[in-house]
Amino acid sequence: MSETFGRRRPDARPTGPRLSAPVARSWPAWPRFVLAMIPAYLLQQIPLVDLVLLFALSPLWIGLLFNGALVAMVVDAWRGAAPRWIVAVPVLVYGGNLVWSAAGYLDYRALDARLRRENAAQRLAFDPARTALLAPGQLAQTLVERYALPVVYRSPDVYGSGQPAALRVLPRATCETIPKSPDLRMTTQRLSVGRALVSNACLLTLPGAPPGPALRVDTGEGPGDLEPGLRRLTLTAPDGRTVALAYGIAAVPSPIPFPLVGCFTWTRHECTAGFYRLKPVVGGGAGGHPAMIAAALGLAPRPVNRIRTDGKLILALDEAQTRALATGSEPAVAEARAYGRRAVAGSLDRFSRLMAGEDLAPDEAFDRWIVVSNADQVDAEALLAAIRRAHGDPSRSDAQRTFGAVAAALPAQAFARIGPRLAPLGGADEALAGADWLAVRLGDVGAPAALPLATRVEAGRGVPGRTDALLGLCRAGPAAAGVADRVAAIPRSDSRGDVIEASMLALLRMGRRDLAQPLAALPATNGFNGAARRGYRKQIEQILAEVGPASPRSACRLDRDDRLPRVPWLAG
């Protein structure tokens, strides 16, 4: 029997002290955030590079790294990579900043309450029937829109002329009788309250000074005894009495500490640094300057009715107010009409000289839209003769594009007389072919315009106006059916969504549904990302379901736009 029988077998492993496996040391992460701040700052010192980095929000980098380092300290202490006492650093920073932010907020509320009390105590007697109100810039327009004032004068003029202008609220129907002027000092526009348009009112701006005494409003003026960040809104009555209303912006520290560091070297080397602060308004209230002025002068808000129709909210002035506005503004309306007629006459006279052969001066700002808006006063035959004289002359290309735009706005009878003779010119003259609206309007000519428009469509993918020429063929309808095969081939090489859509419209109006149907299955591209616009497929299905040879010309539109001049005789 073996000597070891019944005994424990000796351990083959060594009997010395047991050794544990080495543990990898965990390095803290927060120093990396701190070190990353150095290149984040130095990169902003390099000219031109800082301009590129600005689009990557480089002033925010150090703030993000700063907060990342504080959060990393807590994480490092939790996983044992840093001593636990380091947690005190983010606690002190965030806690101290929170106390600082709370103190700043309380100071802001106290300052705002004090300024509101002081401003509320300011009053100045004002009678709009006897005294005019003169205010600068956009403030004048906001006052006349929001409050029941017959007129507010704006000075200085926003276009730098230094001349005051009168702003009046009128019934919309009255504004439509005032000729449009190329001189933007006399304008008519829709009245808006806030961001909503008023359906039956408009705003007339007419150059002119107050005829009598005026109460003047000045912003940012006043004595220098205000706290930093505050300014004064001063109201000065005709007899010299003044009211000063304090307002401004407070600087409240953000509850989260966020340093901003930015360097700008493209003009001069300048770096700025500081903690981000919230900027609430003090003294002005929610209504801003207009509400402060209204409270001091006792102005009543303009009554506006809110009517909900078919789920839509519509703003409108009541009938009594519109009747009073029309009656009280008769002299101003008469003056505006005379002013507009003089401006229109001047523009038409200049256009007549252009048709006779004069050139546009290199720095001449010719407002062709005023001639387009009054194209019913243009001699169509003289216009066609001017187009023929300028045909193929590169030095007359600007004038030719103006001629083409005006031709596109001619009334139906006048365009019908010159259209068949104009169509061949429109397909051969690059300047004329690039005129706004003309390619679309030539479709009204019918068969004579089919070949020129088809040639324009085939000129190339990058040629401006390809979709306009397709819409012109759409308006030509069955009269252009002879070029249907040429139209159907275009989307095979130009897969832009608007080209496919315009081609289908043209083919369907020509009566070639057999050629339009396959185009609906083509993959469409549009925009920089190569994807078709949202709702494209639904629009294609709607076109296939609704458009045909019997459809009106108004069906020839893209994105609800028929690409025609906005003149009354072409509406509908």
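Q: What share of the chain's residues is buried?
A: In this predicted model, buried residues account for 43% of the 572 residues in the chain.

Q: And how much area does the chain expose, and what part of it comes from carbon and sulfur?
A: The exposed area is about 30,800 Å², of which carbon and sulfur atoms supply 58%.

Q: How many helices and strands are there?
A: The secondary structure of the chain comes to 21 helices and 15 strands.

Q: What about contacts in the chain, how many join residues at least 24 apart?
A: If one takes the contacts between residues at least 6 apart in sequence, 66% of them join residues at least 24 apart.

Q: Let's go to α7, which of its residues are buried?
A: Helix α7 covers residues 288-297, and within it Pro 290, Met 292, Ile 293, Ala 294, Ala 296 and Leu 297 are buried.

Q: What do those buried residues pack against?
A: They pack against two helices and several strands by name, namely α4 (88-120) and α5 (137-146) together with β1 (132-135), β6 (214-219), β7 (230-236) and β8 (242-249).

Q: What comes just after α7?
A: Gly 298 follows α7 there, and this glycine takes a positive phi of about 70 degrees.

Q: Which residue other than glycine has a positive phi near 60 degrees, and where does it lie?
A: That is Leu 57, whose phi is near 60 degrees, and Leu 57 lies in the loop between α2 and α3 (61-78). Leu 48 is another residue that has a positive phi without being a glycine, with a value of about 70 degrees. For background, most residues other than glycine have a negative phi.

Q: Where is Leu 48, then?
A: Leu 48 sits in the loop between α1 (30-42) and α2 (49-54).

Q: Is Leu 48 buried or exposed?
A: Leu 48 has a relative accessible area of 62%, and because the cut-off for exposed is over 50%, this leucine counts as exposed.

Q: Switching to helix packing, how do α9 and α12 pack?
A: Helix α9 (residues 330-356) and helix α12 (residues 397-408) pack at an angle of about 120 degrees, and their axes are 11 Å apart. The two helices are therefore oblique to each other, and α9 passes α12 in a left-handed crossing.

Q: Which residues meet there?
A: From α9 there are Phe 351, Leu 354 and Met 355, and these meet Thr 402, Phe 403 and Val 406 in α12. By class, the residues of this contact of α9 with α12 divide into 5 nonpolar, 1 polar and no charged.

Q: How about α11 against α12, at what angle do their axes cross?
A: The axes of helix α11 (residues 380-389) and α12 cross at roughly 150 degrees and come within 10 Å, which makes α11 roughly antiparallel to α12. The crossing of α11 and α12 is left-handed. Leu 383, Ala 386 and Ile 387 of α11 make the contact with Gln 400, Phe 403, Val 406 and Ala 407 of α12, and the residues of this contact comprise 6 nonpolar, 1 polar and no charged.

Q: And α9 with α11, how far apart are their axes?
A: Their axes are 8 Å apart, with the helices packing at an angle of about 45 degrees, so α9 and α11 are oblique to each other. On the α9 side the contact is made by Phe 351, Met 355 and Ala 356, and on the α11 side by Ala 382, Leu 383, Ala 386 and Arg 389. The residues of the contact of α9 with α11 divide into 6 nonpolar, no polar and 1 charged.

Terms used. Residues numbered from 1 in each chain as written. Predicted model: local features only at pLDDT ≥ 70, side-chain atom pairs only at ≥ 80, totals over all residues. Heavy atoms only, no water. Helix = DSSP H or I, 4+ residues; strand = E, 2+ residues; numbered from the N terminus. Buried < 20%, exposed > 50% of the residue type's maximum accessible area, 1.4 Å probe, protein only. Contact = heavy atoms within 4.5 Å. Areas by Shrake-Rupley, 256 points an atom, 1.4 Å probe, with all protein chains shown as cover. Axes fitted to C-alpha atoms, helices over the stretch in contact; angles between N-to-C directions. Parallel < 35°, antiparallel > 145°, perpendicular 65-115°, else oblique. Left-handed = near helix turned anticlockwise from the far one by under 90°. Nonpolar A, V, L, I, M, F, W, Y, C, P; charged D, E, K, R; others polar.
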